[in-house]
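Got your viewer open? Load the model, switch to a cartoon view and get ready to click along.

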Amino acid sequence: GELARQRAKARGLPGAILDAHDHQTIYRADNIRAELTCGLMSGRDFDLYFKENLPLGYRTASILPLAPAPLRPEMYQFSALPKTTDIFYSGKERARGQPDGQAVLGLIRQHFPSSALVDHKTHSTFLTLAEYWDGLSRARFALSPSRFDWDSFRHCEAGLAPGTVLIAPQPYVETTGPPLVDGVNAVLYDTELRDGWFHLRNGTALVEKIRHYLARPEEAKNIAEHWARDVREGHTTLARSRYVLEQMERAF
């Protein structure tokens with residue numbers, strides 16, 4: 001990367017960096033703005049910096065969001081299956097994940113026994129892709145809590161599963177494309193930042209919202225369909241590529 005940047009500069013070429021890595025420590029940094037670009041400097045090392053884990057309020061003219069993680073719909077094979085579970089989740093347990101993840105999983109286990117939640121401790125229990133797709137399709141809701149950070153492929157994957165409503169934390173990073181809006185295209189819960197970690201806030205409100213939509217399947221269906229449209233129109237790899245190119249054309 002350094003060599004490419006040097007040679008581009010020597011030729012007078014503008015540069016854009018795509019930073020899609022987990023950056024969990026940024027929330028505990030003494031100076032978040034100084035850590036945003038991992039030591040790289042605007043003007044010297046880049047002209048535009050696209051960052052997936054860009055904390056709210058830190059977007060600038062040269063530092064832009066990438067989240068949520070886009071996908072290629074043609075790579076997925078979802079089927080319209082009967083809804084047999086209330087909430088589905090499958091993910092690997094993270095020893096140093098954001099605290100809201102384990103808190104929400106515990107809350108769902110306590111209040112919604114007709115759910116399929118698998119917090120894998122080893123790779124030996126991982127589902128096949130077909131099992132994962134079917135698990136999402138059979139669920140009324142897909143739970144996508146924080147793990148290392150806010151962003152997850154699950155956010156957009158839920159939009160491809162027919163009639164499945166996304167449950168996720170309110171974004172605590174800057175996003176691009178169609179936004180997640182509670183009660184419009186997702187069921188979102190609140191978190192609060194304490195000591196550099198995001199904790200669940202007001203779990204009771206989340207339980208009440210889920211119960212509300214379980215009792216009103218037509219409302220839930222509308223929410224699921226809204227997110228499905230948003231994902232296919234604005235959260236594909238093609239849509240995100242166009243966004244990156246448009247921003248580069250505008251800046252350069």
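What follows is a walk through the strands, one packed helix and a few charged side chains.

Before you start, know that this is a predicted model, where local features need pLDDT of at least 70, side-chain atom pairs count only at pLDDT 80 or more, and totals for chains, interfaces and linings use all residues. Residues are numbered from 1 along each chain as its sequence is written, and side-chain values use heavy atoms, with hydrogens and water left out.

**Stop 1: the 6-stranded sheet**

Helices (H or I, at least four residues) and strands (E, at least two) are DSSP runs, numbered from the N terminus. Two strands pair if DSSP finds at least two bridges between them. Now colour the open sheet of 6 strands, which goes in the order 5-4-6-7-8-9 with mixed pairing. Strand 5 (116–120) and strand 9 sit at the edges with a single partner strand each, so one side of each has no neighbour in the sheet. From one strand to the next, the twist averages 25°.

Next, select residues 165–169 and 187–194: these are strand 7 and strand 8, a parallel pair with 3 bridges. Look for A168, whose bridge partner in strand 8 is L188, and for P169, which stands opposite Y189.

Add residues 197–201, and you have strand 9, which pairs with strand 8 in the antiparallel sense over 5 bridges. E192 faces H199 here. The hairpin of these two strands has 2 residues between them, and D195 takes a positive phi near 55°.

**Stop 2: a helix on the sheet**

Show residues 203–214. This is helix 6, which packs on the sheet and touches strand 4 (85–92), strand 6 (139–143), strand 7, strand 8 and strand 9. Its direction makes about 170° with that of strand 8, where axes are lines fitted to C-alpha atoms, for helices over the stretch in contact, and angles run from 0 to 180 degrees between N-to-C directions.

**Stop 3: salt bridges**

A salt bridge is a side-chain nitrogen of Lys or Arg within 4 Å of a carboxyl oxygen of Asp or Glu, and the count by this rule is 8. For exposure, buried means under 20% relative accessible area, exposed over 50%, and partly exposed in between (1.4 Å probe, protein chains only).

Click D86 and R140, which meet at 3.0 Å, N to O. They link strand 4 and strand 6, 54 residues apart in the chain. D86 is buried at 14%, while R140 is partly exposed at 31%.

Then try D119 and R147, with the closest N and O atoms 3.1 Å apart. D119 lies in strand 5 and R147 in the loop between strand 6 and helix 5 (153–160); both are buried.

Back in the hairpin region, R194 and E192 form a salt bridge at 2.7 Å. R194 is partly exposed at 38%, as is E192 at 29%.

**Stop 4: R240**

Where is R240? Select helix 8 (residues 237–251) and you will find R240 there. R240 is buried yet has no salt bridge, and D151, the nearest side chain of opposite charge, is 7.2 Å away. (Lys and Arg count as positive and Asp and Glu as negative; His and the chain ends are not counted.) The R240 side chain does reach the backbone oxygen of G234 at 3.0 Å. Leaving aside neighbours within four places in sequence, R240 is in contact (heavy atoms within 4.5 Å) with residues including L66, P68 and T176.

Technical notes:
Polar contact = N/O pair within 3.5 Å; in protein donor to acceptor, adjacent residues only side chain to side chain.
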